[in-house]
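Student: I have a model open and would like to understand the labels people put on it. Could you go through them with me?

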Amino acid sequence: MEGVASDGCSSALVTFFMESFLKQSLSDLDQKGLRRHLRSVEGAQRPRITIDGRSVLNFCSNNYLGLADDPRLKEAAIKAIQETGVGSGASRLVCGNMTAHERLERKLADFKKTEAALCFTSGYMANVGVISSLFEKGDIIFWDRLDHASIIDGILLSGAEHRRYPHNDMEALEKFLSEAVTFKKKCIITDTVFSMDGDIAPLPAIVKLAQKYNSWVMVDEAHAFGVLGHSGRGAVEHFQLEGQVDIQMGTFSKAIGSLGAYVAGSKSLIEFLINRARSFIYTTAMPASVAATSLKAIEIMESEPVLREKLWFNMTYMLNEIKKSGFDTLQTQTPIIPILVKDPQKCVEFSKRLLEQGIFISAIRPPTVAPNTARLRLTVMATHTKEDLDHTLNCLRTIGQDLCLI
Ligand SMILES: *Cc1c(COP(=O)(O)O)cnc(C)c1O
């Protein structure tokens, strides 16, 4: 520990304390087998990617419709950059509100059949901003135990009371709702497609309970937008609940291959958020090129239902074959296919051996999922070929048998 001055307050000493804290924390993670590392991806997000220098089949991406490197989206981004530059210069409320943002929001409100819509720079920021601005001490929020981390962070930041109900358990939700009598506002918040299980929230039952107990409903359609519903509008369309969900949030970062998020709802909801959501107010607007890319992606999704058809064709084929092989795929109904392994070490081994065969499927372990539910999480894209899927199925079967899973 050379360089520490005798007054004990030198920056070297501060550095020493910080470094020892950091090293200890990281070695704790190492010991628990929970340390995470970044992998380096070259090139575009395609069904085949180059990762840490190796070309592999990609079953980890949320780029469900394969739009992330679509030439028309690239062209829209480049055109916007040529017209408006790269940075937006300021927050939306100062001078960063560009026509590209307004066009995207108008399109979105039309598409979602709501009065208005507002864009955020990411889904994380949308959830944190919406929830923390709408709710406060004296309110109560009911949330599914598998809801996304950004929902939980928004709830904690809001200061509202909250109750976590077991996954998709409507009896438990009703019990919580019936006990909550002294609160100013009540809201049920749920993902519509759950990101680690691929199952769908029972939205009709949730809406019914909300009406019975005078509660609001907010949905997070991150994995449903572009995937579910006749036109890809999400679970609200899938269940024909348009007009019955107060706050619809979703992202441009998954199925439609861009970045950012939306909130769709009434004019007054959007006006309120413009005035109160801190993650909207105190941050620089997304570049116009990103907004233009999302707009183009929605247009393509609308005019080419064949993309969604291909996604569902691939998903149905893959899920049926995986099930037929004897794997446990939980309750999935979407292109997110979990393959239950249970034991975390075995799960990592499975993923490692697939990677040796040139197939990238991530191993998901506790605490991301409940104890004893470690799993492979495979996501299907519209752009995977039949050969991609068949090769992967063969490897899943061979390694799965080796590991005594089937
Ligand atoms: C990915 C995701 C988010 C966050 O969206 P980003 O745009 O990646 O910040 C929020 N909610 C759910 C359910 C998600 O899956």
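Tutor: Happily! One term before we begin: a helix here is a DSSP run of H or I with at least four residues, numbered from the N terminus. Keep in mind that this is a predicted model.

Student: What makes helix H5 stand out around the ligand?

Tutor: Helix H5 covers residues 123-134 and gives the most to the shell around the ligand, with 3 residues. The ligand is surrounded by 13 residues, and the closest include Gly123 and Tyr124.

Student: Why is the pair between the ligand and glycine 123 called a polar contact?

Tutor: The cut-off is 3.5 Å between N or O atoms. A polar backbone atom of glycine 123 is 2.8 Å from an oxygen atom of the ligand, so the pair qualifies. Tyrosine 124 offers a backbone N or O atom at 2.9 Å from a ligand oxygen. With histidine 223, a side-chain N or O atom is 3.0 Å from an oxygen of the ligand.

Student: How much of the ligand does the protein bury?

Tutor: Alone, the ligand exposes 380 Å², and the protein buries 86% of that.

Student: What makes a space a cavity, and how many of 30 Å³ or more are there?

Tutor: A 1.4 Å probe must fit there but be unable to get out. The structure has 1 cavity of 30 Å³ or more, and the largest cavity holds about 80 Å³ of space. Its lining includes Arg92, His101 and Phe280. Strand E4 (116-120) and helix H11 (278-281) are the elements that each give two or more residues to this lining.

Student: Which classes make up that lining?

Tutor: The lining of the largest cavity has 5 nonpolar, 5 polar and 1 charged residues.

Methods. Residues are numbered from 1 along each chain as its sequence is written. This is a predicted model: local features need pLDDT of at least 70, side-chain atom pairs count only at pLDDT 80 or more; totals for chains, interfaces and linings use all residues. Side-chain values use heavy atoms; hydrogens and water are left out. A residue is near a molecule or strand if one of its heavy atoms lies within 4 Å of it. A polar contact is a pair of N or O atoms within 3.5 Å; within protein, one must be able to donate a hydrogen and the other to accept it, and residues adjacent in sequence count only if both atoms are side-chain atoms. Accessible areas come from the Shrake-Rupley method with a 1.4 Å probe; for residues, only the protein chains shown count as cover. On a 1 Å grid over the protein atoms alone, a cavity is a set of points where a 1.4 Å probe fits but cannot get out, and a pocket is an open set with protein on both sides within 12 Å along at least five of seven lines; lining residues have an atom within 4 Å of a point. Grid points are joined across faces, edges and corners, and a volume is the space filled by probe spheres set on the points. Ala, Val, Leu, Ile, Met, Phe, Trp, Tyr, Cys and Pro count as nonpolar, Asp, Glu, Lys and Arg as charged, and the others, Gly among them, as polar.
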